[in-house]
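Work through these exercises with the sequence and the 3D structure open. Try each task before you read its solution.

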Amino acid sequence: MTRKQLEPGNLGNREEAAYLVDKAMGHAGRVPPTVSRSIDGENGALMLFIPDADVACESGKVHATLGKEDSYRRMALLDNVIGNLDRHQGNWMVTQQGDPLPIDHGLAFPLKNEAQGFLNYDFI
């Protein structure tokens with residue numbers, strides 16, 4: 001993907017890019033398969049539906065993931081590699097086995113190493 005494709009407003013491209021980076025890393029972060037698409041002039045992304053997973057903050061399963069520290073470390077590593085600015089309990093899911101699945105990578109791949117609005121993520 002080119003830099004132009006990852007400018008703000010192309011969140012679907014960022015979602016797909018996060019999946020492709022995770023795939024290149026051996027699926028370390030467990031991002032579900034994702035492709036960017038345009039439907040009726042609206043850009044977005046299609047992500048594989050995982051039927052046994054629930055959004056962490058809505059499921060009450062946040063604590064069910066205790067003992068899955070390695071899965072969290074791998075998700076954090078992926079977020080660091082892609083510069084994800086927005087990881088919180090509303091944008092990862094929990095499987096029935098207690099494994100986290102990261103979703104919502106629309107703010108990944110920031111274009112500059114500077115304050116990124118209210119999130120203030122700086123690369124070091």
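**Exercise 1. Place Met47 and describe its surroundings.**

Solution.
- Step 1: find the element. Met47 sits in strand β2, residues 42-47. The model is a predicted one.
- Step 2: judge the exposure. The relative accessibility of Met47 is 29%. Partly exposed lies between the 20% and 50% cut-offs, so Met47 counts as partly exposed.
- Step 3: list the contacts. Beyond four places in sequence, Met47 touches Glu15, Val31, Pro32, Pro33, Thr34 and Ile103.
- Step 4: compare sequence and space for one of these partners. Pro33 and Met47 are 14 residues apart in sequence, and their C-alpha atoms are 5.8 Å apart.

**Exercise 2. Give an overview of the protein chain.**

Solution.
- Step 1: count the elements. The protein chain has three helices and five strands.
- Step 2: read them in sequence order. The pattern is α-β-β-β-α-α-β-β.
- Step 3: look at burial. Of the 124 residues, 38% are buried.
- Step 4: look at the surface. About 7,300 Å² is exposed by the protein chain, and carbon and sulfur atoms supply 55% of this area.
- Step 5: look at the range of the contacts. Take those between residues at least 6 apart in sequence: 56% of them join residues at least 24 apart.

**Exercise 3. Decide where the model can be read in detail.**

Solution.
- Step 1: take the average. The protein chain has a mean pLDDT of 80, and 75% of the residues score at least 70.
- Step 2: compare the elements. Helix α1 (residues 11-24) has the highest mean pLDDT, 94. Helix α2 (residues 56-59) has the lowest, 76.
- Step 3: find the weak stretches. Residues 1-6 stay under 50 in pLDDT, and the model gives them 13 contacts beyond four places in sequence. Residues 120-124 are also below 50, with 15 contacts beyond near neighbours in sequence.
- Step 4: conclude. Where pLDDT is low, predicted coordinates should not be read in detail.

**Exercise 4. Draw the sheet that contains β4, and add the helix that packs on it.**

Solution.
- Step 1: write the strand order. The sheet is open, and its three strands run β3-β4-β5 with antiparallel pairing.
- Step 2: mark the edges. Strands β3 (54-55) and β5 (100-102) each pair on one side only.
- Step 3: join β3 to β4. Strand β4 covers residues 92-94, and two bridges link these antiparallel strands. Asp54 lies opposite Val94 of β4.
- Step 4: add the helix. Helix α3 (residues 69-82) packs on the sheet and touches β4 and β5. The directions of α3 and β5 make an angle of about 10°.

**Exercise 5. Find the aromatic pair and classify its geometry.**

Solution.
- Step 1: count. The structure holds one aromatic pair.
- Step 2: classify. The ring centres of Tyr72 and Trp92 are 5.5 Å apart, and the planes meet at 85°. Planes over 60 degrees apart count as edge-to-face, so this pair is edge-to-face.
- Step 3: place the partners. Tyr72 belongs to helix α3 and Trp92 to strand β4, 20 residues apart. The pair therefore links distant parts of the chain.
- Step 4: check exposure. Tyr72 is partly exposed, at 24% relative accessible area. Trp92 is buried, at 6%.

**Exercise 6. Is His105 buried or exposed, and which residues does it contact?**

Solution.
- Step 1: place it. His105 lies in the segment after β5.
- Step 2: read the area. The relative accessible area of His105 is 0%, so the residue is buried.
- Step 3: list the contacts. Beyond four places in sequence, His105 touches Arg14, Glu15, Ala18, Val31, Ile82, Asn84 and Arg87.

**Exercise 7. Examine the positive phi angles of Arg30 and Asp40.**

Solution.
- Step 1: take Arg30. Its phi is near 65°, positive in a residue other than glycine. Arg30 is in the loop between α1 and β1 (34-39).
- Step 2: take Asp40. Its phi is about 50°, and Asp40 is not a glycine either. Asp40 is in the loop between β1 and β2.
- Step 3: assign exposure. Arg30 is partly exposed at 28% relative accessible area, whereas Asp40 counts as exposed at 78%.

Conventions
Residues numbered from 1 in each chain as written. Predicted model: local features only at pLDDT ≥ 70, side-chain atom pairs only at ≥ 80, totals over all residues. Heavy atoms only, no water. pLDDT = per-residue confidence, 0-100. Helix = DSSP H or I, 4+ residues; strand = E, 2+ residues; numbered from the N terminus. Contact = heavy atoms within 4.5 Å. Pairing = 2+ DSSP bridges. Axes fitted to C-alpha atoms, helices over the stretch in contact; angles between N-to-C directions. Buried < 20%, exposed > 50% of the residue type's maximum accessible area, 1.4 Å probe, protein only. Phe/Tyr/Trp six-rings, centres within 6.5 Å; stacked < 30°, edge-to-face > 60°. Areas by Shrake-Rupley, 256 points an atom, 1.4 Å probe, with all protein chains shown as cover.
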